[in-house]
Amino acid sequence: VYDVFQDNKSFIWFSTEKGICRYDGLQIKEILAKDFIIKGVSHISQDQKERIWFQDFNGRIYYIYNNQVFLFKPYKANGFLKYAIINNQLFVAGKNEVKLFELYNFKLIKTINVDMTWVKHTISDGKKFYLIGNKIQSLDIIGKLNVEKTPDDYLSKISAPLPVINNGKLFIFSKFGENYL
């Protein structure tokens with residue numbers, strides 16, 4: 001199990017090496033795609049239309065609607081960088097850009113060119129989409145790119161950042177120490 005998520009109807013979703021499944025309190029139901037095989041998924045979330053979204057380890061993004069799995073065809077994420085759903089928008093980090101899509105019709109809203117070579121993680125607090133690595137940048141809901149202020153010793157104390165969102169706050173822990181931001 002790579003990820004666990006509780007949706008707004010209290011179903012528990014599990015992402016696994018074999019795909020995605022849902023627990024309703026009595027039984028576990030595997031949700032299978034009809035036209036393709038899905039393996040190794042994570043990053044489960046839910047949008048305002050109650051669709052369940054997830055991502056495979058190759059960056060392909062999927063959603064479940066009426067118990068059917070669909071591939072989000074307009075764009076593929078850059079490897080394992082997590083997408084984000086903020087309000088009615090989908091943020092997807094690509095190779096040298098972040099694309100914002102309208103969730104109701106999957107229309108491309110904006111492309112933001114970003115040097116992604118330094119980005120190790122992406123995460124969202126529901127208001128901003130963060131690009132985290134040797135610096136911290138964020139995109140707001142209109143796609144404005146901001147550089148977040150970090151302490152002068154950020155890189156020396158947090159050489160391998162591990163981001164976590166808790167109660168709407170971004171915490172960045174060091175993989176190799178006790179430091180955090």
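**Reading a predicted model, residue by residue**

Author: Gln137 belongs to strand 15, which covers residues 136-139. The model is a predicted one, and Gln137 may serve as a starting point.

Reader: Is Gln137 buried or exposed?

Author: The label follows from the relative accessible area, and a residue under 20% is called buried. Gln137 counts as buried because its relative accessibility is 7%.

Reader: Which residues does Gln137 touch, apart from those up to four places away in sequence?

Author: The contacts of Gln137 are Val114, Trp118, Phe129, Tyr130, Leu131, Leu145, Asn146, Val147 and Glu148.

Reader: How many helices and strands does the protein have?

Author: The protein has 18 strands and one helix. Along the principal axes, its C-alpha trace extends over about 50 × 35 × 25 Å.

Reader: What does the radius of gyration say about the protein?

Author: The value is compared with that of a compact globule. For 181 residues such a globule would have a radius of gyration near 16 Å, so the 17 Å of the protein agrees with this expectation. In addition, 44% of the 181 residues count as buried. The accessible surface amounts to about 10,300 Å², and carbon and sulfur atoms account for 50% of that area.

Reader: Which residues touch the most other members of the largest nonpolar core?

Author: The general idea is that nonpolar side chains in soluble globular proteins tend to be buried together. In this structure the largest nonpolar core holds 15 residues, and those touching the most other members are Phe91, Val98, Met116, Phe129 and Leu131. Two or more residues of this core come from each of strand 9 (84-86), strand 10 (89-93), strand 11 (97-102) and strand 14 (129-133). With neighbours within four places in sequence left aside, Met116 is in contact with nine residues' worth of surroundings that include Asn78, Leu81, Ala93, Val98 and Leu131.

Reader: How far apart in space are residues that are distant in sequence, such as Gly19 and Glu102?

Author: Distance along the chain and distance in space are separate quantities. Gly19 and Glu102, 83 residues apart in sequence, have C-alpha atoms 26 Å apart. For Tyr2 and Thr16, 14 residues apart along the chain, the C-alpha separation is 5.6 Å. For the protein, 34% of the contacts between residues at least 6 apart in sequence join residues at least 24 apart.

Reader: Where do Gly19 and Tyr2 lie?

Author: Gly19 is part of strand 3 (residues 19-23), and Tyr2 is in the segment before strand 1 (3-6). Gly19 counts as buried because its relative accessibility is 5%, whereas Tyr2, at 43%, counts as partly exposed. Beyond four places in sequence, Gly19 contacts Phe14, Ile38, Gly40 and Val41. On the same basis Tyr2 touches Ser15, Thr16, Glu17, Gly40, Val41, Ser42 and Phe57.

Reader: What is the phi of Ser10, and what is that of Asn66?

Author: Most residues other than glycine have a negative phi. Ser10, which is not glycine, has a positive phi near 75 degrees. Asn66, also not a glycine, has a positive phi of about 55 degrees.

Reader: Where do Ser10 and Asn66 lie?

Author: Ser10 is in the loop between strand 1 and strand 2 (12-16), and its relative accessible area of 48% makes it partly exposed. Asn66 is in the loop between strand 7 (61-65) and strand 8 (68-71). Asn66 counts as exposed, with a relative accessibility of 60%.

Technical notes: Residues are numbered from 1 along each chain as its sequence is written. This is a predicted model: local features need pLDDT of at least 70, side-chain atom pairs count only at pLDDT 80 or more; totals for chains, interfaces and linings use all residues. Side-chain values use heavy atoms; hydrogens and water are left out. Helices (H or I, at least four residues) and strands (E, at least two) are DSSP runs, numbered from the N terminus. The radius of gyration is taken over C-alpha atoms; the globule rule is 2.2 Å times the number of residues to the power 0.38. Buried means under 20% relative accessible area, exposed over 50%, partly exposed in between (1.4 Å probe, protein chains only). Contact means heavy atoms within 4.5 Å. Accessible areas come from the Shrake-Rupley method with a 1.4 Å probe; for residues, only the protein chains shown count as cover. A nonpolar core is a set of buried Ala, Val, Leu, Ile, Met, Phe, Trp, Tyr and Cys residues joined through side-chain atoms within 4.5 Å.
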